[in-house]
Every structure is written in C-alpha cells, then in structure tokens.
Amino acid sequence: MLVFQPDPQTGGFNPDMQIALQNKQARTVWQIQADSHSNTLMVTATRPIQLPDDRSLELWLIPKSGGAPVSLGLMPTRMDNKYVLTAEVTLTDAAAFAVSLEPMGGSPTGAPTGPVLYVQEVGAS
C-alpha cells in the first residue's frame, strides 16, 4: 500500500485533472489535483476530518474497465495538509475516485473493507 507523504516540493507538477470529493452537504472535503503525465496526485484536506483512533481513510481509483479498485494510499485528515503521491496505475484509466473507512493503516486485504464514504466520478467534479 502507498501512503501519502507530505511533500512541499511540487516542481514539474502540471495538473490536468481536478477532483473535489464532497460530503453529503456538497462541501468539498478533499481537493485532488492530478498530473496524468507523471501519474502524480496532490491531495489537500479542506476541512478537518474526525475519525476514531483505530480508523483510517483510504483513497481508491475505480478503473474504467470495471476491474477491482486500486488503493492510492491513506488520506490526510488535517486541514490544509497537502500530500503528493506517485500512483502505480495510470490515472487516465480512472472512472472515479472513492474514499473508504478502513482499519488503522488501511485495508488489510488490498480491497475496500469498510463503507465507501465519498465517490467522485472523473469529469463530474
């Protein structure tokens, strides 16, 4: 599993995708910028997220092919944290991005095990 790492250096990062993951009140919780040429994501928490101590939030890429979701790592929960991740999958293959509630440290199986709390289709943000 990949975990988002704080990284203030974003040189060469040219986002061509914008994804806003919103709560039920249509307020953005995370802003995701993606550079599909380098398969790099920058995720920013736009509001604090309260979780039980034994839980994490995990970001998933839902492929256009309909295949199994691919973990992209754990989500930041502190407001204004920015995390940069280089994905091991091609971002242009994404039909959607989703966030699930998982045990601390993420899914133990490599697939979502908890409820999916947020979903955003690519091109629909």
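**Close-up 1. Trp30, a buried residue, and its ring partner.** In this predicted model, Trp30 is buried, with a relative accessible area of 0%. Its ring belongs to the one aromatic pair that turns up in a search of the whole structure. The partner is Tyr118: the two ring centres lie 5.1 Å apart and the planes meet at 90°, so we call this pair edge-to-face. Along the chain the two residues are 88 residues apart, and the pair links distant parts of it, with Trp30 sitting in strand β3 (residues 28-35) and Tyr118 in strand β9 (residues 116-121). Tyr118 is buried too, at a relative accessible area of 14%.

**Close-up 2. The hairpin of β2 and β3.** Here we stay with the strand that carries Trp30. Strand β2 (residues 17-22) runs antiparallel to β3, and six bridges hold the pairing. To find your place in the ladder, look for Gln18, whose bridge partner in β3 is Gln33. Five residues sit between the two strands of this hairpin, and in the turn you'll find Ala26 with a positive phi of about 65°.

**Close-up 3. Ser36, in the loop after β3.** Ser36 lies in the loop between β3 and β4 (40-45). Loop or not, Ser36 counts as buried, with 14% relative accessibility. Its side chain makes a polar contact of 2.5 Å with the side chain of Asp16. Leaving aside residues up to four places away in sequence, Ser36 touches Asp16, Met17, Leu91 and Thr92.

**Close-up 4. An open sheet of four strands.** Read across the sheet and the order is β6-β5-β8-β9, with antiparallel pairing. The edges belong to β6 (70-74) and β9; each has a single partner strand, so one side of each is left without a neighbour in the sheet. On average, and ignoring direction, neighbouring strands here are turned by 20° against each other.

**Close-up 5. Strand β5 and its two partners.** Of the nine residues in strand β5 (residues 55-63), seven are buried, so the strand is largely enclosed by the rest of the structure. With β8 it forms an antiparallel pairing over nine bridges, and with β6 an antiparallel pairing over four bridges. Trp60 is a handy landmark for both pairings: opposite it stand Ala98 in β8 and Ser71 in β6. β5 and β6 also make a hairpin with six residues between them, where Gly66 in the turn has a positive phi of about 85°.

**Close-up 6. The β8 and β9 pairing, with Pro115 in the loop between them.** Strand β8 (residues 94-103) pairs with β9 in the antiparallel sense, over five bridges. One spot to look for is Ala96, which has Glu121 in β9 as its bridge partner. Pro115 is placed in the loop between these strands and is partly exposed, with a relative accessible area of 47%. Pro115 and Leu101 are 14 residues apart along the chain, while their C-alpha atoms are separated by 5.7 Å. Not counting residues up to four places away in sequence, Pro115 touches Val99, Ser100 and Leu101.

Conventions. Residues numbered from 1 in each chain as written. Predicted model: local features only at pLDDT ≥ 70, side-chain atom pairs only at ≥ 80, totals over all residues. Heavy atoms only, no water. Phe/Tyr/Trp six-rings, centres within 6.5 Å; stacked < 30°, edge-to-face > 60°. Buried < 20%, exposed > 50% of the residue type's maximum accessible area, 1.4 Å probe, protein only. Pairing = 2+ DSSP bridges. Axes fitted to C-alpha atoms, helices over the stretch in contact; angles between N-to-C directions. Polar contact = N/O pair within 3.5 Å; in protein donor to acceptor, adjacent residues only side chain to side chain. Contact = heavy atoms within 4.5 Å.
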